[in-house]
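Reader: Please give a close reading of one local part of this model and then relate it to the rest of the fold. I should like every cut-off stated where the term appears.

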Amino acid sequence: MINIDAENHVRGRSVYLDDIPELQGTLYALPFDLPTAHAHITSLHLDKARALPGVAAILTAADIPGENQIGGILPDEPLFAEGEVHFWGQPVGLIVADSDHICRKAARLIEAEYEALPVVTDPREAQQLGRLICPPRTFVIGDTAGAWSQCAHIFEGQTAVNGQEHLYIEAHGAYARMKEDGSVIISSSTQGPTAVQRTVAKVLDLPMHKVEVDTVRLGGGFGGKEDQATGWAVMAALAAQHLQGPVKLVLHRLDDMRMTGKRHPYEADFKIGLDEHLRIIAWEVTHYQNAGAAADLSTAVMERTLFHSTNAYHIPNVRATAYSCKTNLPPNTAFRGFGGPQGKFVIEAAIALAAERIGVSAAEIQQANLLRDGDEMPYGQIMQQTQARSTWAACMERYNYTGQRERVQAFNEQNTRYKKGMAVQPICFGISFTNTMMNHARALVHIYQDGSVVVSTGAVEMGQGVNTKLVQVAAQSLGISPGRVRIESTNTLRVANTSPTAASAGADLNGKALQTACAALMERLKKVAEAALGHSDVAIQNEVVMAGGKPSELGWEQLVLMAHQQRVSLSENGHYATPLIHFDKSKEKGHPFAYHVYGTAITIVTVDCLRGTYTFDSVDVVHDFGNSMNMAVDLGQIEGGLVQGIGWMTLEEVAYNAQGRLLSNALSTYKIPDIYSVPKSIRIASLETEGHDLAILKSKAVGEPPLMYGLGAYFAIREAIRAFNPGADLKVDAPYTPEKVLLDLYRSPSSQGT
Ligand code: MTE
Ligand code: HPA
Ligand code: MOS
């Protein structure tokens, strides 16, 4: 089935936040900040700006009727800074005016006095100072202290991995309008309409039933709109309430880049121990997460880092600790993989280092340690239907790993200026929100008397194709053509108390709720058909009622009309909560994931050893889709995720100066992959399996896992550098920008050698 948005996207007809027709009298809002990352505000002079013709209001913390608080998990983030500023880009207030142009003019008239406070941008420094978002957490299995004596090889090291700008094509935005009874309706480009609703209610001092949030689709979210869409929507709503009129707030790209958080940069210390058969016996890791100035989702992201700190490997003795470190940067947030990629990066770095020191390929170590059914993860889950070894084997075989490796070696022997590197990257990603209580969803289905169907769920379409999958689920469950099904916007009045569309679980959770609703409707319709046809064995297939396996004269439209005339309800609200999952934080043990997604990718890179530039020859993937319900959509997710992961590992360098000011604040200074930097060849094959019962129609979640294939890009480059300069003392510090590659190509040997 073709993506239902494809035609409108191509024709430019799809409606994004800024395309919503504006009501007469709509005002425009612009948040303003101070040019400092940490300061005590002594005075704020707004009079000149307020006096500018066309300015309707300038709102600050003093104008908030409810709480000045937007923290999603911990209440530590004011909507508007009060007294102190904690990061460069933190909103101090909101200008509302007749036009965006006037807002910008007014912003230049605002003056403030403030006393600078010390700025901390480094997570290790923050940890030393005791500046933590939450207490550290440790996952333990076995006994690492007792295991080192069994190890033939022990290596220690450090890693650093930078953040990543989401760069969704549509910047943040919201449009708020008042209703007659003082309630407010907000269109918001958010992954979490309920989070927006709850927070607007808190800040505006309204009950949640007076706040309606509506989302048609996002021009990309990638996690950046899971939590951080909320503040902008609250500002628009606050201004609408204050002025009793429609207010729109759409961030300019540069403000969006400057004011919002990104993927969390992490640093880590590790110690790995292997036996003589290359089995990893012990693994100790300490993660330092750079959370930024407020919690946002950092506690949950940190948790997922711990869950994924052994990637696709079985390690009997593990001690993994994580600190969420509070710095004066914009609060970092969800980004595809949600801390998982940062966790996996460290174990892959340790394996790469061990391989170099022992003198084997990293692939030998990886392969020796892949998960099997029955293995226990450090967090207590016993692995079932594990596909780590099967995707690995299929990948090796299908893409002739040995032959490709020989070609790489031969190339390197024959060439001095160019070197190739190769990396294999297995992945294992847990599906479910790590916070068990978030794993539920609802779907509202109306069948109209003409047989057409409308579906509302909590799922937000952000380009990942969830609405297309929901059409497929409804059509299949009801036995009708997809053309009869329409997906409505995501709206808090129609579907309440939703979790954000995140954790790759959008299609699973909302799809399963939709199946529940459709199944209930089917039961009712079947009873009507049974009575009409005098047959006890009826089903609907291709819009025809089948009786005893044979087509009857009764079609979908007649059946629906008949049911309506018999006063049978044609509406249903389905609910789904993932079964089996649980987690006990006091023990850090449980069964947090419905299932895991697996895959293996082989990456080959060619490095220009004169320039430090590189091109990716190929990425070859075998992915565990389960039984994909829409291969075109799923392949798009793999390709997009892979390229986004390669970007994170190679080109994309978020840079702040020591004062906490973002330097990579535009597309001229922040480089993302373009058509020239993507791999020349990407091959993706599906592992043949039956799929998983807890996946929608056995089609596994696909949104985040492929990003982690991108880790292979880093380690392939490292291998090419080693081929050119075998003794170089290489740090592990992603991304591998061409500048860093060039420095490493000519780096002197380490004192220890390799
Ligand atoms: N694909 C597109 N095109 N745009 C996006 O914003 N977000 C990713 C992924 N794929 C994203 C995307 C992230 S971070 C998640 S969690 C999932 O989609 C969310 O959607 P799903 O749960 O329906 O897979
Ligand atoms: N993944 C993604 N988003 C989330 C999660 C998670 O596990 N928990 C809360 N938000
Ligand atoms: Mo995705 S990072 O869970 O929105």
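Author: Phe-338 counts as buried because its relative accessibility is 10%; buried here means under 20% relative accessible area, exposed means over 50%, and partly exposed lies in between (1.4 Å probe, protein chains only). The model is predicted: local features need pLDDT of at least 70 and side-chain atom pairs count only at pLDDT 80 or more, whereas totals for chains, interfaces and linings use all residues. Residues are numbered from 1 along each chain as its sequence is written, chains are lettered from A and ligands numbered from 1 in the order in which they are written, and side-chain values use heavy atoms, with hydrogens and water left out.

The backbone at Phe-338 deserves attention: phi is near 55 degrees, a positive value in a residue other than glycine. Phe-338 sits in the loop between strand 15 (317–326) and helix 10 (340–358); helices (H or I, at least four residues) and strands (E, at least two) are DSSP runs, numbered from the N terminus. Leu-278 also has a positive phi, near 70 degrees, and is likewise not glycine. Its loop runs between strand 13 (266–274) and strand 14 (280–292), and Leu-278 counts as buried at 11% relative accessibility.

A further backbone feature is the cis peptide bond between Ala-734 and Pro-735, with omega at about 5 degrees. Pro-735 belongs to the loop between strand 30 (733–734) and helix 19. Ala-734 is also one of the residues touched by Tyr-714, whose other partners are Phe-345, Met-649, Lys-731, Val-732, Asp-733 and Tyr-736, leaving aside residues up to four places away in sequence; contact means heavy atoms within 4.5 Å. Tyr-714 is part of helix 18 (residues 711–724) and is buried, at 0% relative accessibility. Tyr-714 and Val-605 are 9.5 Å apart from C-alpha to C-alpha, although 109 residues separate them in sequence.

Helix 9 (residues 298–307) has ten of its ten residues buried, so it is largely enclosed by the rest of the structure. Among these buried residues are the charged Glu-303 and Arg-304, together with Val-301, Met-302, Leu-306 and Phe-307.

Helix 19 (residues 738–745) contains Leu-742, which is partly exposed at a relative accessible area of 31%. Leu-742 joins Leu-610 and Tyr-746 in a nonpolar surface patch with about 290 Å² of accessible area together. Patches consist of residues with over 30% relative accessible area and no salt bridge, like charges being joined within 9 Å and nonpolar side chains (Val, Leu, Ile, Met, Phe, Trp, Tyr) within 5 Å. Accessible areas come from the Shrake-Rupley method with a 1.4 Å probe, and for residues only the protein chains shown count as cover.

On a wider scale, the chain is assigned to domain 1 (23–118 + 167–259), domain 2 (266–434 + 586–745) and domain 3 (440–577), the bounds coming from an automatic or database domain assignment. The centres of domain 1 and domain 3, taken over C-alpha atoms, are 38 Å apart. Between these two domains, 20 residues of domain 1 are in contact with 15 residues of domain 3. They bury about 1,300 Å² between them, 51% of it on carbon and sulfur atoms; buried area is the accessible area (1.4 Å probe) that two parts lose on being put together, summed over both.

One salt bridge is counted between domain 1 and domain 3, a salt bridge being a side-chain nitrogen of Lys or Arg within 4 Å of a carboxyl oxygen of Asp or Glu. Asp-214 pairs in this way with Arg-494, the closest N and O atoms being 3.7 Å apart. Asp-214 lies in strand 11 (residues 211–215) and Arg-494 in the loop between strand 20 (490–491) and helix 15 (506–533), so the pair ties together parts that are 280 residues apart in sequence. Asp-214 is buried at 15%, while Arg-494 is partly exposed at 29%.

Asp-617 and Lys-420 form another salt bridge, at 2.5 Å from N to O. This pair links distant parts of the chain, with Asp-617 in strand 28 (residues 614–623) and Lys-420 in strand 16 (residues 418–431), 197 residues apart. Elsewhere, salt bridges that share partners join Asp-33, Asp-100, Arg-104, Asp-255 and Arg-258 into one network. By this rule, the count of salt bridges comes to 37.
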